[in-house]
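Subject: Structure handover

Hello,

Please find the structure below. My notes on it come after.

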Amino acid sequence: MKDFAAAAMLRLVALGLRREGLVGGPLPGASAALVPLQDKRQQLAQLMQAHGPDLLLRLGLAVQDAADEPTLRALTQARSAPDLIERWQRLERYVHSRHRVLLLAGQAGGCTLRHVSLHAGEAPHAAEDLLVLGLLVGLLRRLGTPALRARLAGEADWRYQQDGWRAAPMPAATHTWELAWRASADVAAPGSEPDLAATVAAARQQLAADVAAPWTLPRLAEALQLRPRTLQRRLTDAGSSFSQLWTEVRLAQSARLLLDTREPAAQIGYLCGFADQAHFTRSFKRSTAMTPAVYRAQFAGAALAQ
């Protein structure tokens with residue numbers, strides 16, 4: 001087992017590369033659980049050399065659009081940031097990972113983590129450190145963790161805040177990380193604090209259920225039985241917004257239709273609630289650096305690409 005790595009992680013790497021407008025390597029099959037460890041390390045090293053270390057951190061944001069496979073579902077059912085970290089640690093033990101994320105210090109509003117190897121003298125590579133940190137941040141973001149921040153130990157400024165990762169010189173040591181969030185949403189008396197993650201999930205589900213509808217913030221609030229200002233405040237506290245969430249849902253649905261159907265791009269844009277084909281093309285290219293046609297040609301199965 002020690003010479004293999006989780007295939008789910010490489011599937012997220014490939015998805016993250018697509019989000020960055022880069023073409024990833026071969027994507028492990030959905031049924032695959034493990035891939036050779038050397039293959040993972042080689043791919044990460046090549047990415048770091050070609051695009052710099054900051055890319056490894058950004059790849060973790062791909063969990064926002066990742067398929068709902070069992071491993072991801074188990075992690076995203078977490079109720080809080082500490083719960084998510086504990087689930088990640090439990091997953092490492094179950095899959096007999098040679099690396100572990102250790103909790104060095106924890107409190108209500110944050111923690112310090114260290115990425116280590118179980119084998120003496122075999123510390124994780126820097127690319128592996130950065131990828132795991134990026135994945136944890138991506139997962140915490142998907143949970144709707146409020147006021148989420150992250151940095152490498154020793155950095156004075158937060159490298160990640162709600163608006164994303166910022167580029168900055170990388171310290172020599174990449175294995176110790178500091179995470180912070182607003183504590184009140186993690187541990188709240190029943191009824192005293194809104195469940196921000198649940199609000200975001202409910203909003204996303206409502207939008208996805210009728211993606212062709214002309215959604216507005218007031219209409220979504222009505223569907224969720226909330227006041228518009230309450231919904232707006234909760235989305236802001238979760239690090240999101242109506243426009244951001246609505247765009248993410250439409251782009252995720254349009255990407256699925258481009259890959260899985262033969263519907264014309266113009267029809268897909270209509271079905272996914274874009275104002276017109278030009279709006280669809282601009283939004284899709286802004287997110288993926290590719291037009292819908294190029295995206296389909298690059299990533300659709302052979303049968304659809306013909």
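The notes cover confidence, the nonpolar cores and one loop residue.

This is a predicted model, in which local features need pLDDT of at least 70 and side-chain atom pairs count only at pLDDT 80 or more, while totals for chains, interfaces and linings use all residues. Residues are numbered from 1 along each chain as its sequence is written, and side-chain values use heavy atoms, with hydrogens and water left out.

The protein chain has a mean pLDDT (the predictor's confidence in each residue, from 0 to 100) of 82, with 85% of its residues at 70 or more. In two stretches pLDDT stays under 50: residues 26–33, with 15 contacts (heavy atoms within 4.5 Å) beyond four places in sequence, and residues 185–192, with 8 such contacts. Where pLDDT is low, the predicted coordinates should not be read in detail.

The largest nonpolar core (buried Ala, Val, Leu, Ile, Met, Phe, Trp, Tyr and Cys residues joined through side-chain atoms within 4.5 Å; buried means under 20% relative accessible area, 1.4 Å probe, protein chains only) has 43 residues, of which Trp88 and Leu179 touch the most other members. Helix α6 (residues 126–142; helices are DSSP runs of H or I, at least four residues, numbered from the N terminus) gives the most to this core, 10 residues. Beyond four places in sequence, Trp88 contacts Met9, Leu75, Val101, Val132, Leu135, Leu136 and Leu139. Another core, of 18 residues, lies apart from the largest one and includes Leu207 and Ala238.

Gly239 sits in the loop between α9 (228–237) and α10 (242–260). Outside four places in sequence, Gly239 touches Gln162 and Gln244.

Regards

Methods
Helix = DSSP H or I, 4+ residues; strand = E, 2+ residues; numbered from the N terminus. Buried < 20%, exposed > 50% of the residue type's maximum accessible area, 1.4 Å probe, protein only.
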